[in-house]
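The following paragraphs go through selected parts of a structure, one element at a time. Please keep the sequence and the coordinates at hand while reading.

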Amino acid sequence: MTDTLTPVLTDMWDVERSWTRAAYESKGGYAALDKAFAMSPDDVIAAVKDSGLRGRGGAGFPTGMKWSFIPQDNPRPKYLVVNADESEPGTCKDIPLMMANPHVLVEGVIISSYAIRANKAFIYIRGEVLHVIRRVQAAVAEAYAAGHLGKDIHGSGFDLDVVVHAGAGAYICGEETALLEGLEGRRGQPRLRPPFPAVAGLYASPTVINNVESISSVPSIVANGADWFASMGTEKSKGYGIFSLSGHVKKPGQYEAPLGITLRELIDLAGGIREGHDLKFWTPGGSSTPLLTPEHLDVPLDFEAVGAAGSMLGTRALQIFDDTVCVVRAVLRWTEFYKHESCGKCTPCREGTWWLAQVLTRLENGEGSEGDLDVLLDQCDNILGRAFCALGDGATSPISSSIQYFRDEYLAHLTHGGCPFDPARSTAWAGVEVTA
Amino acid sequence: MTTDKTVAQADLVNVTIDGIQVAVPKNTLVIRAAEQVGVQIPRFCDHPLLAPVGACRQCLVDIPDAGNGRGFPKPQASCTLPVAEGMVVNTQVTSPVADKAQQGIMEFLLINHPLDCPVCDKGGECPLQNQAMSNGRGESRFSGDDNPTPGAPGAKRTFPKPINLSPNVLLDRERCIVCQRCTRFADEIAGDPFIALVERGAEQQIGIAEDAPFLSYFSGNVIQICPVGALTSEQYRFRSRPFDLVSVPGVAEHDACGSAIRVDHRRGKVMRRLAGNDPEVNEEWITDKDRFAFAYAQGDDRLTYPQVRDEDGSLRPASWPEAFAVAARGLAAAKQAGGVGVLTGGRLIAEDAYAYAKFARVALGTNDVDFRARPHSAEEAAFLASNVVLTGPGNGGVTYADLESAAKVVLVGLEPEDEAGALWLRLRKSVRAGGTQVIALAPYTTRGLHKLRGRLVPTAPGEEPAVIRSLLEQAEYGVDSTAVVLVGERLATVPGALSAAAELAQKSGARLAWVPRRAGDRGAVETGCLPNLLPGGRPVGDAAARVDVATAWGVADLPATEGRDGDAIVAALVAGELGGLVVAGVDPADTADPAATRAAIDAAGFVVALDLRETDVTRAADVVLPVAPVTDKAGMFVSWEGRPRPFARALANPASLPDLRSLAGIAEEMGAPLGFRTVEEARAEMEQLGPWDGQRAGLDTPPRSSAATRPATTDGDRVAPARDEQGRIEIRLATWKQSVDNGRMQDGDKYLRATARPPVALVTQATYDAHGPTITLTGDRGSITLPAQVADDLVDGVVWVPANSFGNGVLSDLASPGAPVTISGGES
C-alpha cells in the first residue's frame with residue numbers, strides 16, 4: 001500500500017499551456033508512439049494485458065482483453081471509440097484531463113488504434129462541455145499538423161483519422177451501445193447484446209469502446225513497460241488512477257494515486273473535511289455506486305475491496321458529504337437526475353425512476369409513512385437487474401444504500417413533518433454573512 | 001396444407017423449462033420454447049414476426065443454468081435469449097424470482113397507464129388488461145392524490161389525447177407503453193418508418209414528423225399489434241366493445257392475395273376487420289384496403305330486392321320468382337335473337353363464377369363468357385389456358401413460400417405494393433432476410449421497388465416483350481431455374497408480352513406465376529369464365545374435354561367453338577350481333593373502352609344485371625337481381641398462387657342471395673336447371689367434376705413484331721419521336737391502379753381514402769423542366785391536368801399516372817390502352 005501520489009496523467013497539468021503539443025512533447029509526449037510502432041500490434045495488446053490495466057470508465061473490464069476480442073479476420077473495418085461522455089454526477093476526471101492534457105489522449109488513441117488495427121477513431125465528447133470539445137479538436141488538429149495523425153504516421157505505414165464528435169446531451173449515451181447509436185446519428189438508446197460491439201459495434205463493424213482515462217494510460221504503459229504499471233496498485237487492480245474529490249473537503253480536486261489508496265489517505269491529502277464538521281457519507285465512484293460511510297474510510301479503493309464493502313469503485317468520483325447534509329435530500333436530487341436521464345427504452349427504468357422520485361419527494365416533505373421505505377426498497381429490487389442497461393441499476397444504488405445506512409434519518413423526516421436539516425448549512429457560504 | 005416441418009435431430013436443442021424437458025430447434029427464443037411446454041410467459045414488446053428488442057422487460061425468467069453449468073445472476077428477458085443445450089429455465093410458474101420480477105414490471109407499466117379501460121377500444125381484448133390480471137399485483141402501490149396537479153407527487157403522466165398519426169391511425173399517448181411494436185412494424189415489415197420514438201424517460205412517446213404522417217398501405221396492422229389501446233382506428237374508435245362482437249374468419253376480397261382476415265360483426269353489421277393469421281399466405285398482416293374497405297357493402301346504394309323493367313320503362317320492385325321468370329323469358333328471346341353474352345367481372349367467389357360458366361353453356365348455349373372486365377387480349381386467354389389454369393400449391397404453382405426461397409424474383413407488369421400487398425410484404429421479408437433479389441421490368445423505380453431494394457430494368461410500356469427476351473441473353477440478371485417470374489394482368493395490353501414471359505420461363509427453367517388484381521380473377525379462370533376454357537381447365541377446343549363436362553352436367557353437348565371475349569361481346573352487342581347480356585359486377589370504366597361498354601349495354605336487347613349496388617349498369621338493365629356481398633355468403637376465392645381460400649358466411653341475411661342462386665332460378669325457368677342452388681351444392685359439383693387431366697391447350701406464340709404497332713420504338717437507332725397532328729411529341733403512358741384510389745369497393749371509408757397517395761403525373765426531369773409543375777396530358781379519350789413530379793430514373797418518352805385516382809380514370813378520361821399521350825403546359 002502506498003500513501004503517495006503518482007502523477008502520470010496529471011503530471012504536467014501545472015505546466016504553462018499544458019494543453020499544447022509543444023508542452024506535451026517537451027515532457028516526452030508522443031515518444032511512446034515510435035516505441036509502439038516498433039512493436040507488433042499483438043505485442044502492444046499483450047503489453048496492455050500484462051499491465052493489468054482495467055477500464056477506467058467504471059466497470060473495470062480488462063482493457064487488453066477487450067482489445068483481443070476484436071476478430072482480426074473480420075473483413076470489415078475496425079473502429080476505436082473513446083467514451084468521453086462524462087456525465088455521471090460527481091465524476092470529473094475526463095473533462096479536466098482533456099482540458100489540461102488532451103495530447104495524452106490523442107497519443108493513446110493512436111497507439112490503441114494501432115493495436116486493434118483501426119484506421120478510424122472517434123472521440124465522443126459530452127456535448128455540454130463545448131470548451132473541452134474545442135480543446136480536443138485543437139489537439140487533434142495539432143497532431144495532424146505534426147504528422148502524428150493522418151497517412152503513414154511516423155513512417156510506420158499506419159494510417160489513422162480521428163473524428164471528434166459532440167454528443168447531443170444525454171446521460172444514456174455514456175452507455176457504450178447507446179453511444180454507438182448516437183454516433184451513427186440515431187436516437188441514443190442502448191442496443192441489444194449480443195452482438196457485442198467487439199463483433200458488431202459501430203456501423204456493424206468490430207469496435208473497441210474505451211474510457212478517456214483508459215486510453216490515456218496506454219502511452220505510459222508502452223513508454224515505461226507493463227511491469228512499471230503493474231507495480232502500482234493492488235493485486236487485481238493495478239496501476240494508477242485519478243481520484244476526484246468533491247464536496248466538503250478543504251481542497252477538492254483530482255488526486256492521481258495508485259488504486260488501493262484509502263479515502264482516509266485521500267482526505268488527508270485534501271486537507272481534511274470542512275472545518276468543524278465530520279464525514280457523514282460518500283460515494284466511491286459517482287452517484288450510481290452505493291453510498292459508503294465513515295466506517296469505510298479505510299477500505300482500499302480498488303475494484304475488489306470496494307465491491308466487498310457493498311459498493312463499486314466506479315469512476316473514483318469521491319463525493320464527500322459532511323454532517324450538515326440531509327441524505328434524503330441528496331438522494332432525491334440524484335433520483336431526479338436519473339428520472340430526467342432515463343432514456344425510456346425499458347419499463348423498470350422509465351417508470352421506476354418516475355415513481356421513485358415521487359415517493360422520495362413525499363418522504364422529504366415529511367408525508368407518507370414508514371411503509372414507504374419498504375415500498376422504495378421493493379421498487380429498487382424490481383428495477384435492479386431487471387432494466388435493459390445499467391442506468392436503472394445505478395438509479396437504485398443511492399436509495400437502497402441510503403436506507404441501509406440512514407433509515408432513521410428518513411423516519412426523522414416523518415416525525416419532524418419535513419426535513420430536519422437546514423440546507424443552507426451545507427453550502428459553501430454557510431456561516432458567512434450574506435448581504436444583498 | 002402440408003408443410004414439411006421435419007427438423008434434423010442435430011438442429012434440436014434440449015432445454016428444461018419448469019422441470020419439463022423439451023427439444024426445440026436451434027436459435028429458438030426461450031419465450032417460444034416455453035410455449036412448447038404450455039407456459040405462456042407474459043409479454044408486450046415481443047412479437048414473433050418482429051426482431052427481438054427486449055424493451056418491456058415483462059417476460060423476465062430465471063435461468064439457473066444457461067447450459068454451461070452457470071446460471072444468470074439476474075432474471076433474463078426470455079424474448080431475446082436463445083435456447084442453449086442443457087439450459088434450465090424457470091418461469092413465473094416455478095420461480096418466485098421470475099414471478100416477482102414480472103409482477104414488478106407490470107406494476108411499473110401501470111403507474112402511468114390511465115385506468116380508462118371502460119372507455120378504451122382495447123378493453124376486453126387488451127394484452128395489458130389480461131396480463132395485468134394474470135401476472136400482476138391485485139392492487140398497485142402507486143398512490144396519489146385524487147386530484148393531483150401535473151408533476152406533483154402521485155401524479156400520472158398525462159398527455160392531451162388523442163393525436164392523429166395518419167387519417168386512419170390515432171395515438172393516445174397516455175396509454176402507450178412504448179413497446180415499439182408499431183415502430184418496428186413500420187420499419188421492418190412495411191418499410192415506411194414514419195413513426196418513431198421521440199422524447200425520453202416517462203415522456204417518451206411515439207411521434208411523427210410534422211410534415212410526414214404515417215402514410216403506409218399497411219398502417220392498420222399497428223393498431224392490431226398494439227398491446228394496449230394506444231393506437232386506435234379512426235374508423236372503429238368507440239364503435240363497439242370486443243365482447244359484443246362476433247368474429248368470423250374470412251378472406252379479403254380486395255386483391256388476389258387470398259389474405260386471411262377476421263370479420264367482427266355486431267347485430268348484422270360489420271364493425272371492423274382484422275388480419276387473420278395464416279403463415280402460408282399473409283402471415284399476420286393485411287393491407288389497409290383489406291382492413292378498412294368494407295363499408296361499400298353497407299351503403300345506401302345497396303340493392304336489396306329484385307327489380308324488373310316495367311311497361312312504362314321504369315324499374316320496379318319485383319318478387320324473386322317474377323324476376324327469375326322475366327329474366328328467363330328475356331334471355332330465351334335474346335338467345336334466339338343472336339345469342340347472349342356473359343360478363344362476370346373479377347370479384348366473384350369461385351362457386352358463383354362456376355355458376356356463370358355453367359349458365360352460359362347450359363342455359364344460354366354459348367361460350368361468350370369472360371370475367372375480364374379490364375383490357376385483355378386473346379393472347380392472354382391462351383396464356384391463361386396454357387400456363388396458369390390448374391397450377392397451384394403442390395401442382396407446379398408458385399407459392400408465397402417459393403418467393404422466400406427464390407434467388408431472384410422478376411416482376412413484369414406488376415407493381416405488387418399497389419396491386420398485391422401481401423405478396424409485396426412477403427417479397428420484402430425475403431429481401432430483408434437476404435434471400436431474394438427482386439428485378440422489375442418497369443418504367444421507373446417505384447417506391448415499392450425501392451423498399452424491396454430491387455433492381456430496375458428500365459422498360460417503357462410496350463417494350464416488355466423485347467426486354468423479357470433480353471433477360472435470357474444477359475447472364476447478369478441470373479434468370480435461371482432458381483428464379484420466379486411474376487407477371488401482372490397489365491401485360492395483356494402488350495401484344496407478345498405474356499408469350500415472351502412464357503418463353504422465358506420455358507427456356508430458363510424459371511417458374512412463372514400470373515398475379516391478377518382481383519380476388520375472383522383466378523377462381524374465374526379455374527371455373528371456366530373464359531371463352532376458351534370450361535371449368536377445371538378443360539379447353540373448349542378439345543372434344544374430349546367437352547364430352548367430359550357435358551357428361552358431368554347431363555347435357556347432350558356443349559357449344560364447340562371458342563366464344564367471344566369481353567371486347568368481342570361488347571363489339572357484337574353494339575353491332576347488334578348479340579341479343580342480350582348477363583352482366584355481374586362490371587364497371588364500364590374498368591373496361592378497355594368504357595364508352596363502348598356503356599353503348600353495348602344500351603344497345604343490348606335484354607340485359608340482366610346482378611350486382612351488389614345500384615350502378616349505371618343496373619339502372620340500364622331490364623332485370624336487376626341483388627347479390628350477396630362476401631359477408632353474407634360462404635364461398636371461396638382462389639389466390640394468385642392457385643390456392644383455394646374458402647371462407648364461411650359471416651352474416652345471416654335471408655334476403656341476400658349469392659349470384660348462383662339467382663342464376664339457378666333463371667336457369668330453372670329456362671328449362672335448363674343448373675343442378676344446384678347453394679354454394680355448398682355448387683362446390684360439391686365442382687369437386688366432383690374435378691380438374692382436367694388431359695392435354696393442356698398450347699400457347700400459340702403470336703408474331704414478335706407486335707412492337708411495330710407502337711409509336712416511337714427504341715429498337716435500333718433512336719428514331720425521331722412520333723408526333724401528333726399538332727406536332728406535339730407523343731409520350732408513352734404507363735399506368736396502374738394504386739392500392740388506395742377511387743375504386744368502388746373503397747367507397748364509404750373517408751379515412752382510408754384520405755391516405756391515398758395524391759394523384760400526380762411522374763415525368764422525366766427534362767419534361768419537368770420543359771413543362772413545369774403542372775402538366776396537361778392529352779390522349780385519344782381526353783385531357784387531364786395533374787401536378788407533375790420528377791421520377792429520377794423514368795424512361796425517356798414515358799409519363800406515369802395513376803389509373804383510377806382522378807375523374808373516371810385513365811381509360812375514360814385520357815387514353816385507350818397502349819395509346820400515346822402528349823404533354824402540354826408551361827409553354828407560355
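In this predicted model, M133(B) and S134(B) are exposed on one side of helix α3 of chain B. The other side holds the buried residues of this helix, which spans residues 127-135: L128(B), Q131(B), A132(B) and N135(B). Because these four cover an arc of only 110° around the axis, they sit on the same side of α3(B). Helix α2 of chain B is included in what covers the buried residues of α3(B).

Helix α2 of chain B also has a part in the contact between the two chains. That contact takes 24 residues from chain A and 28 residues from chain B. On the side of chain B that touches chain A, the largest share comes from helix α2 (residues 96-111) of chain B, with six residues. Sorted by class, this side of chain B has 16 nonpolar, seven polar and five charged residues.

One residue of chain A with a contact in chain B is V375(A): leaving aside residues up to four places away in sequence, V375(A) touches V359(A) and R141(B). V375(A) belongs to helix α16 of chain A, residues 371-383. Is V375(A) buried or partly exposed? With 17 other C-beta atoms within 10 Å, V375(A) is partly exposed, since a residue counts as buried only if 20 or more such atoms lie within that distance. The C-alpha atoms of V375(A) and L356(A) are separated by 9.3 Å, and the two residues are 19 residues apart along the chain.

Elsewhere in chain A, two helices pack against each other. Helix α2 (residues 31-38) and helix α6 (residues 102-116) of chain A have their axes 10 Å apart and pack at an angle of about 5°. This makes α2(A) roughly parallel to α6(A), because angles under 35 degrees count as roughly parallel. From α2(A), the residues A32(A), L33(A), A36(A) and F37(A) meet E107(A), I110(A), I111(A) and Y114(A) of α6(A). By class, this contact has seven nonpolar, no polar and one charged residues.

Chain A also has an open sheet of four strands, in the order β6-β5-β8-β7, with mixed pairing. Strands β6 (253-258) and β7 (279-283) of chain A are at the edges; each has a single partner strand, so one side of each lacks a neighbour in the sheet. Direction ignored, neighbouring strands of this sheet are turned by 30° against each other on average. Strand β5 of chain A, residues 240-247, pairs with β6(A) in the antiparallel sense over six bridges. I242(A) stands opposite E256(A) in β6(A).

Strands of a sheet pair through backbone hydrogen bonds, either parallel or antiparallel. In chain B, strand β19 (residues 437-442) offers examples of the parallel kind. Strand β18 (residues 408-412) of chain B pairs with β19(B) in the parallel sense over five bridges, and L411(B) has A440(B) in β19(B) as its bridge partner. Strand β20 (residues 455-458) of chain B also runs parallel to β19(B), joined to it by four bridges. Here the bridge partner of L441(B) is V457(B) in β20(B). Five of the six residues of β19(B) are buried, so this strand is largely enclosed by the rest of the structure.

Definitions and conventions: Residues are numbered from 1 along each chain as its sequence is written. Chains are lettered from A and ligands numbered from 1 in the order in which they are written. This is a predicted model: local features need pLDDT of at least 70, side-chain atom pairs count only at pLDDT 80 or more; totals for chains, interfaces and linings use all residues. Two residues are in contact if their C-beta atoms, placed from the backbone, lie within 7 Å. Ala, Val, Leu, Ile, Met, Phe, Trp, Tyr, Cys and Pro count as nonpolar, Asp, Glu, Lys and Arg as charged, and the others, Gly among them, as polar. Two strands pair if DSSP finds at least two bridges between them. Axes are lines fitted to C-alpha atoms, for helices over the stretch in contact, and angles run from 0 to 180 degrees between N-to-C directions. A residue is buried if 20 or more other C-beta atoms lie within 10 Å of its own, exposed if 12 or fewer, and partly exposed in between; C-beta atoms are placed from the backbone. The arc is that of the directions from the helix axis to the C-beta atoms. Angles under 35 degrees count as roughly parallel, over 145 as roughly antiparallel, 65 to 115 as roughly perpendicular and the rest as oblique.
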